[in-house]
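I opened my notebook to write down what I looked up, step by step. Come along and keep the picture at hand.

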Amino acid sequence: MNRTYELMFIVRPDMTDEDLDKLISTLQSAVPSAGGSIKNVEKMGKRRLAYTVRKFHEGVYILLTVEGGGAVMHELERRLRVTEPVIKFLTVRIDEEQKRLDKIKAIRDARKKVSAQPAAAAPEEAATAPAGAPATA
Amino acid sequence: MADETKAPAPAASGDAPAPREAHAPSPRFGERPSGDRPGGDRPRFGGGGRGPGGPPREGGRKFFRRKKVCKFCVEKIENINYKDYRMLGQFVAESGKIVPRRLTGVCSPHQHRLSNAIKQARNIALLPFAGRAS
């Protein structure tokens, strides 16, 4: 069970901070019982929405990173659907994408290392050679 | 290949396949510096083949618009995320429509990812479905 999901949801703007924290902790407690774990919670703050959602023009964005199977997300989404302050949510699966990005990063780092070796040798020679000449003169 | 296997020289058959196999893979796989998919040669093909509508022989017409390169290939941006709406917003018209890649010069795989990211961003109200104008 190593799927990683990103769940972004929007909460109505007239929620207080403590209500928001209560909501997040409710969600956090629901996750382990379904067999997952929350990796990260990020409150992205109030933002103007690009279009009107349920008659709101602004919303508070929250991003959760969850690790677990599909059942975990099913449960989380079900909860979000019934929660009244949440006006929109979006779940994206990111483990495949992360694998691809890591692979590209690994290839690029390996290439940089290979090309760095001759490059490291050359500037050293260039640095020592002119430094030696004026010192003697 | 059939006549080689029939050739009655087990020693020769031992030699013959080996150098051939050594030749075959190397020019195809070993040398390419551009790596797997975000390869640098794609946008060049795109820019050359996708010139103005007509052949350059048409007199008077603008010859070639300056060659557009894929922004993601050049800057090596691999993570096209729905969350960075500002970067996505560069590829969206005033009306909110996704700009075609012949205008932006983005290469095909990046355009796919870009359009998916824009659609996700639209769903979570980071980008509009239809903008102010038109």
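**Entry 1: two helices in chain A.** I looked first at how helix H1 (residues 17-34) of chain A packs with helix H2 (residues 70-82) of chain A, and I found an angle of about 150 degrees and axes 9 Å apart. I note that this is a predicted model. Angles over 145 degrees count as roughly antiparallel, so H1(A) is roughly antiparallel to H2(A). I also looked up the handedness, and H1(A) crosses H2(A) in a right-handed way.

**Entry 2: who meets whom.** Which residues do H1(A) and H2(A) bring to their contact? From H1(A) I listed Leu27(A), Ala30(A), Val31(A) and Ala34(A). Across from them, H2(A) offers Ala71(A), Val72(A), Glu75(A), Leu76(A) and Arg79(A). I sorted this contact by class and got seven nonpolar, no polar and two charged residues.

**Entry 3: where the chains touch.** Next I turned to the two chains, where 12 residues of chain A are in contact with 12 residues of chain B. On the chain A side, I found that strand E1 (4-11), strand E2 (37-53), strand E4 (86-93) and helix H3 (95-136) each give two or more residues. E2(A) supplies the largest share, four residues. By class, I wrote down 11 nonpolar, no polar and one charged residues for this side of chain A.

**Entry 4: a look at chain B.** How many helices and strands does chain B have? I found nine helices and zero strands. Of the 134 residues in chain B, 18% are buried. Last, I checked the contacts in chain B with a separation of 6 or more: 64% of them join residues 24 or more positions apart.

Conventions. Residues are numbered from 1 along each chain as its sequence is written. Chains are lettered from A and ligands numbered from 1 in the order in which they are written. This is a predicted model: local features need pLDDT of at least 70, side-chain atom pairs count only at pLDDT 80 or more; totals for chains, interfaces and linings use all residues. A residue is buried if 20 or more other C-beta atoms lie within 10 Å of its own, exposed if 12 or fewer, and partly exposed in between; C-beta atoms are placed from the backbone. Two residues are in contact if their C-beta atoms, placed from the backbone, lie within 7 Å. Ala, Val, Leu, Ile, Met, Phe, Trp, Tyr, Cys and Pro count as nonpolar, Asp, Glu, Lys and Arg as charged, and the others, Gly among them, as polar. Axes are lines fitted to C-alpha atoms, for helices over the stretch in contact, and angles run from 0 to 180 degrees between N-to-C directions. Angles under 35 degrees count as roughly parallel, over 145 as roughly antiparallel, 65 to 115 as roughly perpendicular and the rest as oblique. A crossing is left-handed if the near helix is turned anticlockwise from the far one by less than a right angle, and right-handed if clockwise.
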